[in-house]
Structure formats: structure tokens, C-alpha cells
Amino acid sequence: MRTFVRRLGLLLSAVPLLAANPAPVSAAVSPPTAPIRLTLPAPTVPQPVGTVSLHLVDHSRPDPWGPPGAHRELMISLWYPTRHRDRHPVAPWLPMGAGAAVLAEAGLTAAEVTLPVTHGHEGAPVAHRGGLPVVLYSPGNDATRADNTIVVEQLVSHGYLVVTMDHTYDGVVEFPDGRVVTPLPDGPSTVEMPELRLGDVRFVLRTVTALNAGRNPDVEHRGLPRGLTGAFDLSRIGMFGVSAGGATTASTMYADARVRAGLSLDGPVHGPVVDAGLDRPFLLMQAKINRVDYPDLARFWSHLRGWHLNLGVHGAAHVSYADYEAIVPQLAPLGLDVPAEIGDLDPARGVAIQQTYPLAFFEQHLRHRGHLLDEPSAAFPEVYVLP
């Protein structure tokens, strides 16, 4: 998945082209006089959302792309229901340093584009009665743990605890000391990075277990929100990812039986799981990455032995399952060709699909309730089932 950095770079390269060759029905694009203030849609139910970020180091794994002697270093965020949000500010979509790096790479400043804030209140106490079902999130290549905040907040508003993670050197990551790590210039190795991603997820699963037992694995030992101990129901763990994160989801389920249900948003698949398959529920939602053009995905599909479903969405593009479905249309004043970036799917419908189908999947397979996925829905004619 292309990052917001690249997306803004494409946008800026389009502006002089439009000015030099204006379309017959429109004038040349003029830059807006005030910053474009990007926003994210709120969850569909009013349950307040809390969040906290953690800095982790896995001392059992050297980092092949880090400095000599460095161990694998990660940033994750926990997202959870809360009731007491007063005095807890909302978290930014990206931390200040990472956001500045994203804008600077595109040749923009905060005077031109203001990145969104989330609906998550930083450090607010956790609200739960017994353990909350847990969902892990892995982003795509060159992406960040912020990229599917719409889906994450929707899950939280319905009573899930979601853990999002960055894969260092495969996206823009900011650490608490102010360091901002960007993707490797030539991209991570296609052989090594999937294995490193899998190691990241399994380390995060160990971290979740430690947090549930009351331990604080944060490197700086920053305070954790009240109510976090015992908040995780470790018998109900699901996972989803977009693009390469979908492949990471399938590989994690093959390697770790604790993950009971997996969702891939337009993701490929690789590694041993291609021929081994899975015996637990798996949902593919495709746009551009499909079983016709990706033989490994077709082989994987043929080896699935548990509940499985393959959905498509008419008019969707590769980024239609991420926050860009809501963000890109807001950048149209800068001259962006919105359909060229996010497809022909109406953005509002795209957001509605994001807020409905991942939730329905985890409700059905972690909580055993709901029937949206049993048959095509008249409420979502854009969504179709692939045989």
C-alpha cells in the first residue's frame, strides 16, 4: 500500500499539470487560502474511545535493518472503550514528528494541510466488565498503524480492544525520544520482511499477555491507563490487515493458533500457509489483489478448511479499505483526481462498508452473533460474493 507521503507527492505532481492543461469544464486549480483540515468519520455508536501508545523492544531478536547491535524496536497503540474521557485529549492521527515528515516529504507544511485527529482519548481509563475480545492490526507495506483508524474505532465502539502496530523500517514510525524512522529506500527484503513482520506480531501477542497480567512493558515505563489489567479476553483473539498486513494476518494464524479469526483487506499471501491453509475463519475482501491474478492466493483459498468467504466491492481501489477513502476526497481542492486514487466507489459508501463488514466478521466469529455475512445484503449492493 502506498503511504500518505507518496499519495501527497502524487497530488502535488498533478497540480502543475492541471494548471498547464486545464480540463475543458474547469479552471486551473488554485491553492486553498486556508489549511485543509482533514477529518475522520466518527464511529457509528457514541461509545467513547480511549487509546495509549507503547514503546517496545524485543531483546530476543536483533533487527537486521537497525544500527549494529540493535534489537527489534516497535511502537504499538492500544484502543479500548472508556467512560471517563474528561481531561484526556484526543490523540492525533499521526504523532507530530511523523506527521511533519509525511508533509515535508510531499513538499507541504501544516499551513497547507492539517492532519486529522482521532476520536481516541489519550490515557483514558479502560471500561470493561470482564475481558474484551482482542483484535490485532497489521498495516501494509510503507504504511503506518494509523492507516485503518476508521475500522479500529468502530470495533472499539462495539466493545473490542484493538492493538495496532507499526513494522519498523516498513513505514514512518516515531519513537518517544523524537526519532522518526522512515521506510528503507529500496524497501525491505521480500524474503526477510514477512518473517520479521510475523515475529513482530508474535512479540506483540506476548506483550498483550504481559499487559493483561498487570506488567508494564513500555521501555520508558510510562503510566498505563487504569483498568488495563485483566481487560483482554485472550481466548477471543482476531486479527486483520490491509495489503501486506493481510498476508501477515494469514501467516500469523498459521504460526499461532491463538488467533481464531482473520480478515485480509485486499492482501496477498505468502509462505507455508499458502499450501497448508487454515482451519479457522478467514475473510478476504478484495479490490485489486484477487485469486485470478495471484496464484498463491488461489492456492491458499483452495486449502482453507474452516469458514471462509471472499467478498468484492464494485468500484473499490486498493486503498478503499483504509482511511484514505475518507481523507483523499478532502484533498480535492489541491487538484487531486479523486477517482483515480480511490476508485469509483462513493467515498461515503466506502466508509460505511469499512464500518460494517470487519465488525460483522469479528462479531460472528469471536462473539457468535450477527448474520450479515450469511448472504448478500440489500443494504450494501456494492458488496458481492466471489465463488
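Q: Why is glutamate 73 called buried?
A: Its relative accessible area is 17%. Buried means under 20%, exposed over 50%, partly exposed in between (1.4 Å probe, protein chains only). So glutamate 73, at 17%, counts as buried.

This is a predicted model: local features need pLDDT of at least 70, side-chain atom pairs count only at pLDDT 80 or more, and totals for chains, interfaces and linings use all residues. Residues are numbered from 1 along each chain as its sequence is written, and side-chain values use heavy atoms, without hydrogens and water.

Q: What makes arginine 179 and glutamate 73 a salt bridge?
A: Their N to O distance is 2.6 Å. The rule asks for a side-chain nitrogen of Lys or Arg within 4 Å of a carboxyl oxygen of Asp or Glu. The pair therefore qualifies. These two residues lie 106 residues apart.

Q: Why is arginine 179 called partly exposed?
A: Its relative accessible area is 35%. That value falls between the two cut-offs, so arginine 179 is partly exposed.

Q: Why does aspartate 256 count as buried?
A: Its relative accessible area is 5%, so it meets the cut-off for buried. Its side chain meets that of arginine 258 in a salt bridge (2.7 Å, N to O).

Q: How do you know that strands E11 and E12 pair?
A: Six bridges join E11 to E12 (residues 259-265). Pairing needs at least two bridges found by DSSP, so E11 and E12 pair. These strands run parallel.

Definitions and conventions:
Helix = DSSP H or I, 4+ residues; strand = E, 2+ residues; numbered from the N terminus.
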